[in-house]
Amino acid sequence: MAITIKTAEEIRKMRVAGRLAADVLEMIAPHVVKGITTDELDRLCHEYMVEEQKTIPAPLNYHGFPKSICTSVNNVICHGIPTNKKLKDGDIINIDITVIKDDYHGDTSQMFCVGKTSIRAERLCKLTQEALYLGMEQVKPGATLGDIGHVIAKFADKHGLSVVREYCGHGIGRIFHEDPQVLHYGKAGTGVELREGMCFTIEPMLNIGKRHSKLLQDGWTVVTKDRSLSAQWEHTLAVTADGLEVFTARPGEPWYTSN
Ligand code: MF3
Ligand code: CO
Ligand code: CO
């Protein structure tokens with residue numbers, strides 16, 4: 001599958017889809033508290049997407065995924081399936097939202113701290129967001145995917161965190177996961193050269209312990225092999241003539257614009 005360059009019309013649709021995905025995170029944020037189950041978070045998001053936004057929750061039935069969002073708690077790296085288990089004080093949770101609007105995907109995730117979290121858990125979440133931002137700052141025509149992976153891995157290493165290698169960011173558009181693969185490690189100046197109109201996600205997963213992952217029996221839930229805490233943040237973006245446009249930016253983030 002080749003890397004697609006999106007037309008202005010497609011970029012407009014990506015902008016709408018990205019905004020809607022970000023809106024779901026904003027909507028769910030106040031609900032992420034001690035005592036709520038991840039099933040309830042899934043139901044709230046599902047209803048908001050389907051009834052208010054008229055979007056399609058992309059995860060639902062995607063290669064058989066059973067729910068509308070991914071909820072990855074503590075040592076879960078990614079693709080956690082919502083359950084009837086309650087969030088408890090001190091948990092960290094990634095909520096990953098992908099919506100489809102007018103055939104185009106918007107994909108974004110963030111970490112939430114439940115109640116009073118340990119200093120090291122909070123630090124992991126904060127640093128993983130910074131790692132995403134550093135990767136995003138590399139994006140402009142002529143830069144390479146290796147530049148993105150390189151700064152993320154270098155930053156993680158500097159802070160004693162490890163980078164998950166088995167899962168990566170991805171091209172996105174009409175198709176949820178399309179080329180290219182966006183690795184969160186690599187060598188500066190190598191790999192695909194970025195061009196205006198490319199759309200992809202960056203979604204680093206950093207662990208406090210070792211980088212290795214394990215897939216659970218359910219076929220989806222990815223956990224750290226050493227059971228250490230893991231965090232992930234994700235944005236969907238486009239390469240523009242002079243940098244990037246972040247489709248899933250939220251208020252307060254440097255790339256956010258209200259129009
Ligand atoms: N949203 C995830 C990503 O960032 C993919 C989830 S696929 C699912 O690429 F099936 F687990 F939902
Ligand atoms: Co993604
Ligand atoms: Co995602």
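**Nonpolar cores and cobalt site**

The largest nonpolar core comprises 34 residues, and those with the most contacts inside it are Met 136, Val 139, Ile 148, Leu 194, Phe 200 and Ile 202. The model described here is predicted. Its cobalt ion (ligand 2) is held by the protein donors Asp 107, His 170, Glu 203 and Glu 234.

**Nonpolar cores**

- At least two residues of the 34-residue core come from each of helix H3 (119–137), helix H4 (145–158), S9 and strand S14 (235–240).
- Helix H3 gives the most to this core, with 8 residues.
- A separate core of 19 residues lies apart from it and includes Met 27, Leu 41, Ile 95 and Val 99.
- Beyond its neighbours within four places in sequence, Ile 148 is in contact with Gly 135, Gln 138, Val 139, Leu 194, Phe 200 and Ile 202.

**Cobalt site**

- The cobalt ion (ligand 2) has as protein donors Asp 107 (OD), His 170 (NE2), Glu 203 (OE) and Glu 234 (OE), which lie 2.0 to 2.2 Å from the ion.
- The arrangement around the cobalt ion (ligand 2) is irregular because its 6 donor atoms subtend angles of 52 to 160°.
- Along the sequence, the donor residues follow the spacing D-x62-H-x32-E-x30-E.
- Asp 107 forms a bridge between the cobalt ion (ligand 2) and the cobalt ion (ligand 3), which are 3.4 Å apart.

**Placement of two donor residues**

- Asp 107 lies in strand S5 (residues 104–113), whereas Glu 203 lies in the loop between strand S9 (199–202) and strand S10 (205–207); the pair links distant parts of the chain, 96 residues apart.
- Both Asp 107 and Glu 203 are buried.

Methods: Residues numbered from 1 in each chain as written. Chains lettered and ligands numbered in written order. Predicted model: local features only at pLDDT ≥ 70, side-chain atom pairs only at ≥ 80, totals over all residues. Heavy atoms only, no water. Donors = N, O, S within 2.8 Å, 3.2 Å for Na, K, Ca; no water. Tetrahedral: all angles 85-135°; square planar, octahedral: opposite > 155°, others 65-115°. Helix = DSSP H or I, 4+ residues; strand = E, 2+ residues; numbered from the N terminus. Buried < 20%, exposed > 50% of the residue type's maximum accessible area, 1.4 Å probe, protein only. Core = buried A, V, L, I, M, F, W, Y, C linked by side-chain atoms within 4.5 Å. Contact = heavy atoms within 4.5 Å.
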